Every structure is written in C-alpha cells, then in structure tokens.
Amino acid sequence: MQAAIPDHQLPENFELFHNMVENARDGINITQNGDFKYVNKAFCDMLGYTREEMCCLTTSDLLASTDKQRMMEQHFLRMQGIGKYGIDYTTLLHKNGSEVEIEFNVTPITYQGENASFISTRDITERKRMQEKLEQSEYKYRTLIEKSLDGIVISQDVKVIMVNKAFAEMLGFTVEECMENFGPHLIVPEDRERVMNHHLQRMKGDMSDKKYTLSMFHKNGDRIITEFSSTAIEIDGRPASLITSRDITSRIKMQETLENSERKFRELADLLPQIIYELDIDGYVTYVNKTGREAFGMKEGDLKPHASDAVIPEERIRMKENVRNALLGKRQTLFNEYTALRIDGTTFPAIIYAAPMVENTQIIGLRCLIVDISERKVMENALRESEKKYRELAEMLPQAVYEHDLKGNLTYLNQAGKLKFGIDKLEPSISAFSLVKAEDIERMTSNMHKTLSENSPSHGNLYTALRPNGEQFPVMIFATPMISEGKKIGTRGILIDMTEHVDMENALRKSERKFRELADLLPQTVFEFSPQGFVTYFNKAGRHAYGFDENETSFNAIEGISPEDRERMRDILQQAIQEKRSNISAEYTARRKDGSTFPVIFYGTPMFENDIYVGSRGLVIDISERKAMEETLRKSEEHYRQVIQSLQEGLFVLQDDKFVFVNDAIVNILGYTVEEMTGKPFWVVIPPERIEEITRHNNARKEGKKGSSSYEFSLLHKDGKTRIPVILSTNLTDFDGSPAIVGTAKDITDRIKAEEEIKAAHKRLEEINQDLEQTIRERTKELTKANTQLLKLQKENLQSQFDVLKQQVNPHFLFNSLNVLTSLIRLEPELAEKFTEHLAKVYRYVLENKDNELVNLSTEINFLDAYIFLINIRFMDKVVVNIRIPDDKKNHRVIPLAMQLLIEKAIKHNAMSKKSPLVIDIFIDEKNQLNVVNNLQEREAHMTSTGVGLKNIQNRYRLLNNTVPVFEKSETHFIARIPLVAE
C-alpha cells in the first residue's frame, strides 16, 4: 500500500515524521483515485481492520450509502485539483457493520507525481450521541417548565431573563408581553422595597433560599396575592434567582372568610382531611379533629398538650413567640412553617395557619389549621439539587409526574407520585389504569388514544385516583405524547391532587352556611331521621330523587326502601346503634314515592347526645349508572365470546403446552368437542412425523426469535389417521396473567384441491392448444389449394377467424396467464379465484363467437372487461384502457375480437412502465366510427410488424360489403377507425 521511496530521496527527518503520523491518536490516511495509499494504525483501529485487510478495500467500500455519492464526487474533484478541502463530516462503516460518525480534515498533497488527499479523521460517534442526549434533556426540561402550573421566573440584575406561560397568565399577560413589561412597578408599593432588597442581596451573592408572600398588580389593575420561593442559581458565571410563584389570592380570601365565620361545626371539621385544632389563651390545645389525632398519633382521651409540643424542640421558642403575638392581637392572622412532631417521635414539615377566636371583643384563644407540606418540601429540595436534568426537575415538582408506554404500563413515576399513591418502588407491571377507579378506566383509555392519535396535549382531565390501599382522591391529569425517533412510545404527564382545592371550596361553603344549606347543594341524597324512623330532614337532591315535594318530609324512612330490603336495613342500623359504630354502609334497592325503584349505596351514622341515641344521619348515592355500566360490561363480554365462536378459523390458547381455550371452529376441524379438547396436551393433534418441526417453532417463539408467524402445517384428526392441512399462526400473549401462546388454524383442504384441479386444467389447455395448432396448419394447407376469387375470399375469412382464435389461444398468452395464476394461488388465493373466472370468460367468448360475423358493442365490451382485468393483473398498472361509449350506441355491431386485436397489437409493439403507462382510448367519433387510439412508445428492439392482424380486420369488413377500417400512425399516436354496423 505504501510505495517505497529510494534512500537518496528520503528527507532528512522522514523517520521522525513517519513515527509522528504512525503513532498519532487521530486516524490518518492518504487517498488517490479512490484507493488508499497509506493508512496509520489509529485509522485501522477506528474501523476494526488490520492494515493487510485495508489493502483490499477502496474508499467507496468504507462509506455509508447515505453519503457515498457526495463523498466520492468530492474525492474525484480533488483528484482534478478543484475539490473542496478543509473540515467535513461523514459516516464510515466499521468492520462489524456498525456506523462510525467521523470529523475529517482534507489537505491536498502530491503523491508519486499525481494529486492526492492527506486526510486526518476523528471518531465523533460518542460526541454526537452525547449531544443528542443533551438536546433531549434540554427539551424535557423546557417542556416541564412550560407545562408547570406554578409560575417560574429567572431574574438577574433587576431584569427578567425568562418567564413561563403560567407566570405570564397569572398576571394576565402573554409570555412576550410579560418579558417586555414585568418589573418592580408591578409589585404593590408596600411590598416593593422588601422584594427588591431580597433580589439585591441575591445579586450580591446571598445563596440562601427565600420564601415570601407579596401582592402584585394584574394587567387589568386588580391586586393578586402571590407566594414566591426563590433559589440561587448561576447564569453566565453570575448570581441569578430562580423563582417559583403561585397565585394564592383565592386561598388568602378563603382564610379571611374562615377567620370571620361563626363557630365551626365539629362533625364537619372531623370530615376535613386537614388538621384543625383550637388553643386556649395559655396556648393549650382544647380541640383536635379526627385527622389531627390520626396525624399526630393521639387518642381521644389523651391529655391536652401545649401547642409548642407539636413541633420539634428547636422551634418551640419561635412558635411560642408567634402564638403570644397572635393572642396579644399584634397579628390578626399568621402562618408559619414548622417541623411538626408526632407522639412516636417522627416529624413532618407543615404550615400552621392561625387566627384569633374573639368573644365579646376579647381574644379567647386561637383556631388553627395545619397543612402537611411534605410534598412541597420534596419539590424544593429536588429543585436545589439540579436545574437541568429532566428526572431531577421532575422530582422537585409538587405534582406527580409520570411516563407510561403505549400499553399504559408506568415506566417512570416521580417521588411526589409515589408518595401520592403510597408506592415504595415502581414495578414494571404497574399499570396507570390500576391507579384510577374502574369506572374511569374507559374514559382514561379514550383520552390517551385521542392524545396519541391527534398528537396533541390533553388539558386537564378529571379522574378519581386509587391508592393500593383502596384510598381514593380526585386528580386532574395533563398529558402529552412521548416521541422517540419519530415514533410515539407513550405519554408523559402531570397529575395534580385536587383534594386541597376541593376541600377548601367545601370548607368555604360550609363555613358560610349551616349544614342543611350545604346539604342542599350536594348531588347525593342527605337525610336525617328520628329514633322512630320519621324523616326530619331531606335535602333538595333527596326530594327530587324520591319524588317528594319540598314540604313533604313527614314520612317513615323505611318506606324509601323496597320491602325485601327493609328487614336487613333494620338489623344493620340496630347493630350500629348497639355498638355505637359510625360510617355504616350497605347497598339497597330504593323506592320512590311513585313506587319505582333504583339501586343505591346507603352511608349512615347513628347520632348520640349524652350517650342517648337521637336519630341517624346519612347519605344515599344513586348507583344506577354504575349498575348499568356493569351490565354493559357483562353484555360486552358475552358479545366478545359470540364473536370468537363465530370465527371461521380455528382459535386456541395454549398454556404449559395444553389447550386452555378452543372455539367451535377448531374442534370441528379436528373432530373433537370443546370439552374433549380443553385440557388436552397440544401434542395429541401433532402428527408424529412433524413433532420435531413444531417443537422448533415453539422454542423459537418462546425465545423471542423473529420469523414467519404463519406457515403451512398438518394437524392430526381425532381418528388418529387423517392429516388436516392448515395455515397455522401463533403468537405470544398473556392469558389470565400468565404467559400463553394464542394461535389460529385455517383449514386449507379445499384450497389444495383447487390447486390440483387448476394444474389439471392447465395440462388440458396445453393439449387443446397443440391440437388447435395442428388443425390450423391442416386447414391452411387446404385453403391454399383454392384457385377462384370466391375461394380466396372464403379462405381470408376463415383464415382471419382462425388467426384471431390462434392469437387468443396463443401459447405465450396462455402460458403468461397460467404463470400469473400460479403465483396468485400461493400469494393471494382470493385474487387467484377471480383471475381464473375472468380467464374462463375470455376463452368462452372466443369459442362462442368465432363463427359470428358481427356482435353487439355491449357484448364485445363485456368481453373486453374480462380481458382488461387479466391485462391489469399481468402488467400491474402499466396499461390503462379507457372505454367511453354512450349507452345509446352499444346496440351497434362490430366484428368480434376487433378491439382485442388492436389492444394486443399496442401491447406487443410498445414499451410501458408505471411512470409512462401505455394509454389506450376507445370511443365513437362524430362520423359514427369506433376509434381505438394508443400513445406511441415503440420498443427499441421490437419485432417487425407483419400487418396480418390489421389486414384480417379489413378483409373481414370487405366480406360484409362494408366500409373498410382505416389505420393511421402519427408521431405520437396510432389510430384505428372501425366502421359500426347499424342494428
């Protein structure tokens, strides 16, 4: 490869330069006229070849096909001294077949007196892969920032560098307007100096996290209250602030409303998911709701602790100071973050909202609300750890962030999501559909398919989420398709717990209205009845559900239950009263005033005062819709089974090589009943001589090897002798949660018989063709002996008929048609059947009309339809025949097979392709002549036309004493004008 250089021509430092090139880390080669003249070791190692193997290769051999033409054109231009030099990029092929992305630098040199290229190369495959991953990571980061429901701002030097859509919309701006208009003037005057001090301290290097509340001006002039969380970051080596913000105007207003509301209804407080407690003037707890007792591990009779005992020791002085200030009236409301301390010593972060309780203008204590902010703390800690990577950013969000594949299996769930659902470790088998209530699965599936099919995000679908322990909570899901390498691989989304939102709305309504006013707003039936069973309260929904007027409440509750359920209801209620048990539930059939019934779930609790039963309160939920859905599901499953059983193909499922399911078709094929075949080993239906073959197929399928999933096979009939030929198709699946093989078997006995019959017909047609040719030769000899003009005309007429017949039964046409038919039988059996029918129509027409002088145009066109069908199958859209003949002209007559002869002549003498098809137009002109016109695309080496076919058509018209057809050839078309004979 490397030409020897005489010693007297070696430069003084040749050995030094040679060693430098040979030991270079970059690949170096010299190319000339498409060949390698020199390659160093690094270049060989880069592509996996030895230097000896490289001797046998050309530059073209190493180029990937996608860039080969460009690279070779540039190379040969350089050999002429006019090519492109310098740095470029391309893809080379490694010896193992993989692609190697390279960066190379080309320098022109002279090698052995001719132009050559000195090329240094560097493998940048890993660099490109890392660059692609970085771009993907940045895309995910930006997507999460833009999809975040919290406002996000990055500021530096009193300037806004970035805002997301949520922040802009919070202020009533677009992102562009916000970038242009946001500044200190949008902060209310009383907060402006404090916020600017925070920012200036950050710019001076203060790295501490800050969280504060401020009021801002909306675009429309309204004030909104926001909560800011600021984290220090660096941009271009200088301090900057990453701020997450949230509009808490509604929350603050709710708190203010709650502060001014009357005494809390204690039973209502026990239903809230937040911790509610009250303190006396000395700071001791006087009341804790059920959620609070459970959260701190307290029992009903525990001693009342001091408020400071609920936080860790190092925060107690601060808490006592805050409580003292609140009790002295220095602050009307307060909320502070603490680390809450449970009785068992465990802790959790919390925000405590407190407000003075006032009686006769005197502060008598504090009423407080504790919100567990564990999830928000997780988000803040994760945000400080990383600002770039997608997974780390996702872990910082307070919302659940998830990803699942096209089947709905979760592939990622962030920490907030795991906490939300109580999942310690994400298993591959967890389905997203298992985390919502059953009645939401169908709607969730539909929304997922819509998101994927329309390739657009879904904005805020509400569902009821389901934890593994059975707990439920409302959520809102935002989702967008995940696309990798141009293919959809699943969806990614954010799940927002709506519990706090729903509870706060309920708390606001309940604080402003009494229990019964709130109950009237509920869609469920809310009731109270006396110890004697008489209804004392019925909300609006209940009156509507049971058909009572507003003033009709004086009736016994037991009348609202169907007679067959009344005794059971009495027993359950009596047992709950005796055990003083709350939250009893049961399903009944409810009965309306008009006697109609509907299914319900009854939730109730006995009411006691001073340990005396004073009645019951409860909730009735109409479950008609759920029952209807269950019935629909049952009918759907029944319909599915009917469809399976109606299949013409045999269907079966195998587990552990045994039939666990078979349909009627498979048992009919093999002579069993369903009961006989279910549970039988698969091998009883396999002929002994084919057991080894089917074993190979099954093992390959279980190992995941790819290959044809459908193949011809034979199954053994119940009689143990008969082999049933089938098309067998199998695939791996899950059946009742375990791996299984699902398969179909199509009986092809009739198809095989049809193939044998077609082969026999093929042979008979060949024999007929040979006899026909012999007959033609004999009759031709007889006709040549005639001496008179009359005999000559008769001969021409007869010869013409036989020529036409011979051409239609021409061996080439026959063999071509049969070859096409043979191919179709295996590839497309249904199309092969249609091809056979049309081939039979062609030959039937030839035999039936060979002795007719004239036929109707309609008869001839019907024949042409069959003939054109065969042509289209044979030439695959390379021939286009357009027939435009009005119905009122189809009773005119022409000689038989005239149009077919002209079409066959056009095909014989013209080239054709899909890009340039042969186009044949058939129509009647203004002179009432039939025109057959084709475009000229003459073959380069075509057979010389004898003109016999055209002369025969002319002579046959002469025998009829009719106008003779005219044939013309222009530069672009061949035109045949054939006279029509009136009826």
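# Helices, sheets and cores in a predicted model

User: At what angle does α29 run to β32?
Analyst: Helix α29 lies across β32, β34 and β35 (929–935). Helices (H or I, at least four residues) and strands (E, at least two) are DSSP runs, numbered from the N terminus. Axes are lines fitted to C-alpha atoms, for helices over the stretch in contact, and angles run from 0 to 180 degrees between N-to-C directions. Between α29 and β32, that angle is about 160 degrees.

User: What pLDDT do local features need here?
Analyst: Residues are numbered from 1 along each chain as its sequence is written, and side-chain values use heavy atoms, with hydrogens and water left out. This is a predicted model in which side-chain atom pairs count only at pLDDT 80 or more, totals for chains, interfaces and linings use all residues, and local features need pLDDT of at least 70.

User: Does α30 have a sheet to sit on, and what angle does its direction make with that of β34?
Analyst: Helix α30 (residues 898–909) packs on the sheet. It touches β32, β34, β35, β36 and β37 (973–979). With the direction of β34, its own makes about 155 degrees.

User: Which strands stand at the edges of that sheet?
Analyst: This open sheet has five strands with mixed pairing, in the order β32-β34-β35-β37-β36. Two strands pair if DSSP finds at least two bridges between them. Two of these strands have a single partner each, so one side of each is left without a neighbour in the sheet: β32 (879–884) and β36 (966–969).

User: In β34, which residue is the bridge partner of V880?
Analyst: Start with the strands: β32 and β34 (residues 918–924) pair in the parallel sense over six bridges. For V880, the bridge partner in β34 is V919.

User: Which helix gives the most to the largest nonpolar core?
Analyst: A nonpolar core is a set of buried Ala, Val, Leu, Ile, Met, Phe, Trp, Tyr and Cys residues joined through side-chain atoms within 4.5 Å. The largest one has 54 residues, and I920, I922 and L930 have the most contacts inside it. The top giver, with 11 residues, spans 857–875: helix α29.

User: Which residues does I920 contact, leaving aside neighbours within four places in sequence?
Analyst: Contact means heavy atoms within 4.5 Å. Counting that way, I920 is in contact with V879, V880, V881, N882, I903, A906, V932, V933 and N934.

User: Why does L897 count as buried?
Analyst: L897 is in the loop between β33 (893–894) and α30. Its C-alpha atom is separated by 7.9 Å from that of V846, 51 residues apart along the chain. Buried means under 20% relative accessible area, exposed over 50%, partly exposed in between (1.4 Å probe, protein chains only). L897 counts as buried because its relative accessibility is 6%.

User: And T291, is that one buried or exposed?
Analyst: T291 is found in helix α11 (residues 290–296). Not counting residues up to four places away in sequence, T291 touches D270, L272, P273, Q274 and I275. Its relative accessibility is 18%, so T291 counts as buried.

User: Which element supplies the largest share of the lining of the largest cavity?
Analyst: On a 1 Å grid over the protein atoms alone, a cavity is a set of points where a 1.4 Å probe fits but cannot get out, and lining residues have an atom within 4 Å of a point. Grid points are joined across faces, edges and corners, and a volume is the space filled by probe spheres set on the points. The largest cavity holds about 300 Å³, and of its 21 lining residues the closest to its centre are S155, F182, V195, H199 and I243. The largest share of the lining, five residues, comes from α8.

User: In the hairpin of β18 and β19, what is the phi of G470?
Analyst: Strands β18 (residues 458–466) and β19 (residues 472–484) pair in the antiparallel sense over seven bridges, and L466 stands opposite Q472. Five residues lie between the two strands of the hairpin. G470 is in the turn, and its phi is positive, at about 95 degrees.

User: At what angle does α20 run to β23?
Analyst: An open sheet of five strands, with antiparallel pairing, has the order β22-β21-β25-β24-β23. Its edge strands are β22 (535–538) and β23 (584–591). Helix α20 (residues 563–579) lies across β21 (525–529), β23, β24 and β25 (612–622), and its angle to β23 is about 155 degrees.

Key. On a 1 Å grid over the protein atoms alone, a cavity is a set of points where a 1.4 Å probe fits but cannot get out, and a pocket is an open set with protein on both sides within 12 Å along at least five of seven lines; lining residues have an atom within 4 Å of a point.
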